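Please open the structure in your viewer and set it to a cartoon representation, with side chains ready to be switched on. The tour below moves from one selection to the next and says what is there.

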Amino acid sequence: MVCVRVLVVEDQAELADDIADGLRDQGIAADVAYDGTDGISKALMNGYDVVVLDRDLPRVHGDAVCAAIVGSGCTARILMLTAASTVSDRVDGLNLGADDYLTKPFAFAELVARVRAMARRSPSAPPVMLRGDVVLDRARGRVSRAGRPISLTRKEFGILEELVRADGAIVSTEDLLDRVWDENADPFTRTVTVTLARLRRKLGQPDLIETVVGSGYRLP
């Protein structure tokens with residue numbers, strides 16, 4: 001149950017929106033960029049696990065977008081989409097730094113499977129994370145406290161993962177919305193507060209999550 005955030009860079013708006021909506025239905029936070037310039041900007045600004053990138057973008061070609069993302073040192077994995085299916089086309093994309101290749105038209109279930117597999121390979125965090133007596137197994141989607149298994153929803157798991165990853169630093173509500181949900185999340189919603197309250201109940205006593213008034217939350 002790894003919390004995954006994806007950027008879809010695709011100039012065909014209907015296809016881009018369909019991919020993003022389908023990913024969200026699978027519990028994956030998804031943002032969309034409809035051109036290469038916006039794709040580069042969002043990829044470098046936000047912490048994505050995977051970028052689903054159309055190679056055949058107009059103006060700023062997908063190859064240039066791929067090169068810019070890789071050259072920036074961004075750790076996001078890149079899944080390149082293209083209508084071209086020759087071996088040389090695939091090799092060219094991989095040589096630019098793409099991590100995987102999918103030919104259009106594709107089965108959506110395969111795209112989801114590849115995104116999840118690539119997210120598991122993301123270097124952004126270790127597969128098993130520890131904080132106090134909490135063990136968070138990203139690879140298996142499991143959480144335990146003092147050896148007691150705890151069943152969490154995807155969003156609860158995502159919030160806990162971000163707090164553990166912060167290693168005692170404060171994580172703001174805005175950061176949680178940005179990393180666990182996606183850019184379509186309402187910044188005025190109470191969804192983070194409500195989800196945190198459920199997470200606290202499931203983790204039990206003593207309360208692990210400290211509220212820092214006016215700033216956010218942390219695991220001390």
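**From one bridge to the sheet**

Begin by selecting valine 8, whose bridge partner in β2 is valine 32; bear in mind throughout that this is a predicted model. Widen the selection to strand β1 (residues 5–9), which runs parallel to β2 and is joined to it by five bridges.

Now show the whole open sheet, whose five strands pair in parallel and follow the order β2-β1-β3-β4-β5. At its edges you will find β2 (29–33) and β5 (100–103), each of which has a single partner strand, so one side of each is left without a neighbour in the sheet. Looking along the sheet, note that neighbouring strands are turned by 20° against each other on average, direction ignored.

Next, add helix α5 (residues 108–120), which packs on this sheet and touches β1, β3 (50–54), β4 (77–82) and β5; the direction of α5 makes about 155° with that of β4.

**The nonpolar cores**

Move on to the largest nonpolar core, which has 24 residues and in which Leu160 and Leu196 have the most contacts. The elements giving two or more residues to this core are β7 (134–137), α6 (154–165), α7 (173–180) and α8 (191–203), and α6 gives the most, with five residues. Select leucine 160 and display its surroundings: leaving aside residues up to four places away in sequence, leucine 160 touches Val134, Leu136, Val143, Leu152, Leu199, Leu203 and Leu219.

Finish with a second, separate core of 20 residues, where Ile19, Leu23, Ile28 and Leu79 are among the members to select.

Technical notes:
Residues numbered from 1 in each chain as written. Predicted model: local features only at pLDDT ≥ 70, side-chain atom pairs only at ≥ 80, totals over all residues. Heavy atoms only, no water. Core = buried A, V, L, I, M, F, W, Y, C linked by side-chain atoms within 4.5 Å. Buried < 20%, exposed > 50% of the residue type's maximum accessible area, 1.4 Å probe, protein only. Helix = DSSP H or I, 4+ residues; strand = E, 2+ residues; numbered from the N terminus. Contact = heavy atoms within 4.5 Å. Pairing = 2+ DSSP bridges. Axes fitted to C-alpha atoms, helices over the stretch in contact; angles between N-to-C directions.
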